[in-house]
Amino acid sequence: MGASERRNWSSVVRQDKVAEAIGAVRDPACQGIAVTGAQGIGKTTLARAVETALAPDHSIVHLHGSTSGTARPYGVLAFLLARMPATISDSPAATICAITDLIRKESDGKPVLLILDSISGVDEQSLAVIMHLLLSESAKVLVVTRHESELPEDIIWLIKRASLKHVRLDVFSRDEVRQLLEGVLDGQVTTALVRILHASSGGNPLVLHATVSEQLHTGALHCRGSVWTINNEVSVGAPSVLEDLVRSRMYHQPREVRDVIEYLALARQVRLSTLVKLMDASLIAAMEESGHLSVARSGTQWVSFGEPFMGEVIRAGLDMARRRELHALFSRLTGAVGEIMTTQEILTYAAWTIDCGAPLEPSVALAAAAAANAHFDPVFALRCAEQVQRSDDQWVAAAEQRSAAYFILADHEAAIEVLDTVRRGELAGLSLPDYANYILHRCHSLLWIPGGYQRIDALLAAARDEIECRVTDLSQHVTAKDVTVAGERLALARIEASVHRGNFTGIAEELETIFRTGTASEIRIDCGSLLVLVRALTGREIDAVELAERLESDAQKADGRGIMRDWLTEGHFTALLLSGRWMECVAMLTASLDRRPEALRYRGGATELALGVAYTFAGRGDLAMDPLLSAVAQLEISSSFNAPVLAYSALAFAFAQVDDAVEARRYLGLASACRKNISWVTASLAMFCDLMARRWLGESTAKQKLVESASRDMACGRYTMASTSLFGATMHGTAEEYLLLEEASKRRQGPMAALSRLVASGSRVKDPAVLLQAADTAHELVLKAVEARCVVLAMECARESGDAVTVRNAQHRLDQLRAGLPLVPLVPHTEGPKLTPRERQVVKLVRGGLSNREMADRLEVSVRTVEGHLYQIFSKLGVRSRGELDDVP
């Protein structure tokens, strides 16, 4: 792979298949194995691995079929035939025997393995010799070919009678790509990296190998800490191995097919109805069956390459003249560019036009930029937006798209700088709604840079003055609807700034109103997106989840990508997380990785961070490690939403949960040094993780800081976070703290609210039954650490009240929970019932199976005395029989 420290690729590829092939060769009842699969699928690599493993105790004979299309008699065995007398070839039987004897002689007593490549080019005479060697048990065979149809009938006969094993190699799944990458790179890899490389290679091992080598060579693929990740910009290139592969596939194709392939390479995707104008439908069907083409089965029947690298390599090899020639053909087939084009067609047309060095119409360039941002392709969005000139009417809208692209790239300074370049005169030429939309974009970008809040306040004040001036200027011809739309957009900018700061008081009702009565669907969806987060944090978690699910459906139907949609995702996640529905969080995030693979390059770090936080809040620090380390590796390159502080804090909490104090404190240090403009919700979650990590590490001040944080949140109406902080603070709380937890939890929704109320009430009145009910709720939510905490609290209350039965049952339940937890968050403060030395001696004898009489004799006491000891033991431990003593720790 061009780096000496990388492990050999073949040493980790398809080791299960290698073992299966070796087993077939060594099996006395099997005559070998046939391996089939498409070009580049890894057949040769597998054969080499098998040969390497068997070479020490086998005689290996390589045979190659003819690739010229003409097969000579005994051509495969010509190198052996040349060493025999000329007269041998006159008799087929003599030839077979002579070749068999020669192979046996040169094997020096070792078993013989024939490795046969290009079997379709094997002549009949050579095949007869090979079959004789197999049937006489003089040799075994490893056949490598592309498709079962290329196998001779004799070989197929052996497969059907189970004498020859058949292994069909397919493309790698994502899990196999992960396993392969971690083996080759000798380290953890991010989920984004796995999905990007799987998509770009189509799971083809040869393509994957070439792509990984290329990314290592360019530095796009690199290791941060112990995790391998990939830069936002991936260099595609065209490694020679891929060029050779594509050239070999193109070589045998007729000119008509090559033209279509080149056309598709530039177009990326084409409607099936368009492609059939260029090519016979039967040829398209054949190419689809062979895997060269992929045809969507529902909706618009888009046709694309079955293996994405094909388009990249072919496109790189086309000169400008050929590109323009094919572009003209595209224009003739699809007609004029207009409103009837779908989003995909606009992107296709824009990419092709730019590739040809031709200018894009400003309206098309703007539409393509917006579509590219919606599909998380900010680099292409910038290329499209740069086609719009300052003199064009679309200049300001193009600046907004450029800003959105930089925001996806996490370059927040550039996002605001682009908007700052818009001149006052250019703003004056905008309609009132478009002017307000520009202000909205600018305020959104300012949230993420130092000093942004102050600039937002001044910007909104100036915008209100501008609107008032236009309304009073009769020459402007401003309509009432324009004023309403502009007012809604300025209100949205102001409300977003409040949400970013965590100031929810007073804005929830305004958001609800605009959400219900907003003039445009985009405004309503954006307002709803903010409303989801506000509801999630002000105690309305169930309402937040219901609204999020409804809005996500509406957002998918809407064109483009609203400026507030990230708040929708964050609000939905937060509502599920804080209400204890962490498993739904995991399912939602895992589904998003599959549903929006194009977003992974830029939002993969944020997604894996959310996944790790979900595991951490569930007390599963062991499961949180991998996604959080992956998130750190990505966020240190591209700091989406300035989120590394949360990643560091969550890692500290996760390490504390697995009892690794050294790593926990290291990440606490990194979090303390990481201070950037982040949203209130991110800062709040980071602080909670930070303080909980310190709580688990035994820092005495952490509890008080959690209580103080909860008091501030209660005062601001942020009941969900207040309840969450108090729950973390009161592992051993005071009556006043439990009362505050109960009060905060009554003002929120969801299963975690109910659980918190039970813990607060049960702890306050010292009722073990209520605390065990809380443990049952935690069990239903699969919150093992919380369940253990509730059981410990119940056990302490039961011990204080002398309820030995509940203590014993709780202890048994706790012991079971401990088996699945690296560290229990709470250990009993009160000691269990103390047995006297003599009583402990009696317990030991009972467990040894002795009767009362036998124990009396052993202890040299009376039977009545033994019975008295047993009575005291049963009372203290809450047991009713001798057998139950075996379950008492």
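## A quick tour: one sheet, then the rings

Start with the three strands that form an open sheet, ordered S6-S8-S7 with mixed pairing. Keep in mind as you click around that this is a predicted model. Colour strand S6 (188-189) and strand S7 (221-224): these are the edge strands, and each pairs on one side only. Next, add strand S8 (residues 227-230), which is joined to S7 by four bridges, the two running antiparallel. For a single contact to zoom in on, pick Leu221 and look across to S8, where its bridge partner is Ile230. If you switch on backbone hydrogen bonds, remember that strands of a sheet pair through them, either parallel or antiparallel.

Now for the aromatics. A search of the whole structure turns up eight aromatic pairs. Select Tyr263 and Trp352, one of those pairs: the rings sit edge-to-face, 5.3 Å centre to centre, with 70° between the planes. Show the helices too: Tyr263 belongs to helix H11 (residues 255-267) and Trp352 to helix H16 (residues 343-355), so this pair ties together parts that are 89 residues apart in sequence. Buried or exposed, what is Tyr263? Turn on a surface: Tyr263 is buried, at 0% relative accessibility. Trp352 is buried as well, its relative accessible area being 0%.

Next, select Tyr648, Phe655 and Tyr667 together, since they form one aromatic cluster.

Last stop: arginines over rings. Pick Tyr435 and you'll find Arg470 over its face, 5.2 Å from the ring centre. Then hop to Phe727, where Arg789 lies over the face at 4.0 Å from the ring centre.

How values were computed: Residues are numbered from 1 along each chain as its sequence is written. This is a predicted model: local features need pLDDT of at least 70, side-chain atom pairs count only at pLDDT 80 or more; totals for chains, interfaces and linings use all residues. Side-chain values use heavy atoms; hydrogens and water are left out. Rings of Phe, Tyr and Trp (its six-membered ring) pair if their centres lie within 6.5 Å; planes under 30 degrees apart count as stacked, over 60 as edge-to-face and the rest as tilted. Buried means under 20% relative accessible area, exposed over 50%, partly exposed in between (1.4 Å probe, protein chains only). A charge sits over a ring if NZ of Lys or CZ of Arg is within 6 Å of the ring centre and within 35 degrees of the ring normal. Two strands pair if DSSP finds at least two bridges between them.
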